[in-house]
Amino acid sequence: MATPLNRRMFLRATAIAGGTTAFSGALWHQAFAGPAQPGPGPYGALLPADANGLQLPEGFRSRIVARSLQRVAGTRHTWHPAPDGGACFQDGDGWIYVSNAEVPLVGGVSAIRFGADGTVASAYRILNGTTLNCAGGATPWNTWLSCEEHDFGLVYETYPQGGKAAQSRPAMGRFKHEAAACDPDRKVVYLTEDQSDGCFYRFRPSTWGDLSSGTLEVLLGTGTGPVRWARVPNPRIWTTPTRDQVSGAMRFDGGEGCYYARGICYFTTKGDDRVWSYDAAAETLDLAYDDDLVTGGEPPLSGVDNITGAASGDLYIAEDGDNMEINIITPEGTVAPFLRIVGHDESEITGPAFSPDGRRLYFSSQRGESGFIGGTDGFTYEVTGPFRS
């Protein structure tokens, strides 16, 4: 019932020369020719690894803020295994970083509260008893949407400050959820699906700010260019999987991270190493990056996964495996490594998120140095430095 995407449907010559794949999004108004290409990053080359095993550009430094199955320093809270998707939230003069646990049965979400000077003030749980909590997304009303990654997975709305029970949001669909991104302009939530033949969705709440009811829609199209949306008939309980309920639903090879800014929703697909760009106003789909369309050398970004952005318009994309980098894609269309984790060869980078002031980047190595599939060796980091504003 779906329209599959051919890996080679985007011709290299078309991407380089411009044509139908030239970007229309606000961050890409320079209209450089085709998807991002390798080049010098804005922060320069990576230096040798620091004491925490991170290769960073000049002027940046790192610290480890949590380790799986160990107490968060200065607290009595034990950090969860397999840290995955995350986000930051303002908390008075400080902020809170939340992190999913991608483990079965106990899953859930933990949070670390930071004071104004960056010291850890407390750590605690905000969701328990779920399973395989992968990525998610922050809402404009300061809640965290934690997504379960299994065939009947739900989205849970959680409260970073604690003190309020999380709520399941079945109207947002039961499928193998990955990430979510809120579009406050159109009052919708975009959702990715981690299947090799998955779809891209949007949820229209009946009332913006209340996710308990609404309409789930799926993207229809055949490739880059104009697309449209159609209602999913049975998002809550189904005998036919959500992704197979609408004829012409566009297929994506392993939906991963999702991030919205300035009228554009960016989302990644790990199976074909692409970063997609959906222009919400024009309802058109483009490519911000495709490793198959990189010219002049090896693609610097592979295993694309979680994605976030900075106020500068730079995108930051984490790798699942490969050489364990977070790459930056600039508004000028340059893709380059921003950091690399050394010695975590069997892990993946998860949960990149900036502090509210944009001066600190948080992320995790889900399986750490050991690479154990249960994620009991997970590391959660903070990087500070002269980030572009």
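This is a short back-and-forth about how some labels on this predicted model are earned.

Reader: Let's start with the sheet of four strands; what makes strand 5 and strand 8 its edge strands?

Author: The open sheet runs in the order 5-6-7-8 with antiparallel pairing. Strand 5 (83-91) and strand 8 (120-127) each pair on one side only, and that puts them at the edges. From one strand to the next, the twist averages 20°.

Reader: How do you know that strand 5 and strand 6 count as paired?

Author: The cut-off is at least two bridges between the strands. Strand 5 and strand 6 (residues 94-101) have seven bridges, in the antiparallel sense, so by that cut-off they pair. For a spot to look at, A87 stands opposite V98 in strand 6.

Reader: Why is H80 called buried?

Author: H80 has a relative accessible area of 4%, and buried means under 20%, so the label fits. You'll find H80 in the loop between strand 4 (61-67) and strand 5. Leaving out residues up to four places away in sequence, H80 touches S68, S99, N100, A101, S110 and R125.

Reader: And what makes H80 and S110 a polar contact?

Author: Their side chains are joined at 3.2 Å, and the limit for such a pair of N or O atoms is within 3.5 Å, so this one passes.

Reader: On to charges: why is R63 with E382 called a salt bridge?

Author: The closest N and O atoms of R63 and E382 are 2.7 Å apart; the rule asks for within 4 Å, so the pair qualifies. R63 sits in strand 4 and E382 in strand 30 (residues 379-384), so this bridge ties together parts that are 319 residues apart in sequence. The structure holds 22 salt bridges.

Reader: Are R63 and E382 buried or exposed, and how do you know?

Author: E382 is at 4% relative accessibility, so it counts as buried. R63 comes out at 29%, which falls between the cut-offs of 20% and 50%, so "partly exposed" is the label. There's a similar story for R186, partly exposed at 28%, which bridges to D183 at 2.7 Å; D183 is buried at 0%.

Reader: What makes K270 and D305 a salt bridge?

Author: Their closest N and O atoms are 3.8 Å apart, and the limit is within 4 Å, so they count. K270 is in the loop between strand 21 (264-269) and strand 22 (274-279), while D305 is in strand 24 (residues 304-309), so the bridge links parts that are 35 residues apart. K270 is partly exposed at 28%, and D305 is buried at 2%.

Reader: Now the rings: why is F200 with W229 called tilted?

Author: The ring centres are 5.9 Å apart and the planes meet at 45°. Stacked needs under 30 degrees and edge-to-face over 60, so an angle in between is tilted. Both F200 and W229 are buried.

Reader: Then what makes F252 and F267 edge-to-face?

Author: Here the planes are at 80° and the centres 5.2 Å apart. The angle is over 60 degrees, so edge-to-face it is. F252 is buried at 3% and F267 at 1%. Ring pairs link these two into a cluster whose members also include Y190, F200, W229 and Y260.

Note on methods. Residues numbered from 1 in each chain as written. Predicted model: local features only at pLDDT ≥ 70, side-chain atom pairs only at ≥ 80, totals over all residues. Heavy atoms only, no water. Helix = DSSP H or I, 4+ residues; strand = E, 2+ residues; numbered from the N terminus. Axes fitted to C-alpha atoms, helices over the stretch in contact; angles between N-to-C directions. Buried < 20%, exposed > 50% of the residue type's maximum accessible area, 1.4 Å probe, protein only. Polar contact = N/O pair within 3.5 Å; in protein donor to acceptor, adjacent residues only side chain to side chain. Contact = heavy atoms within 4.5 Å. Salt bridge = Lys/Arg side-chain N within 4 Å of Asp/Glu carboxyl O. Phe/Tyr/Trp six-rings, centres within 6.5 Å; stacked < 30°, edge-to-face > 60°.
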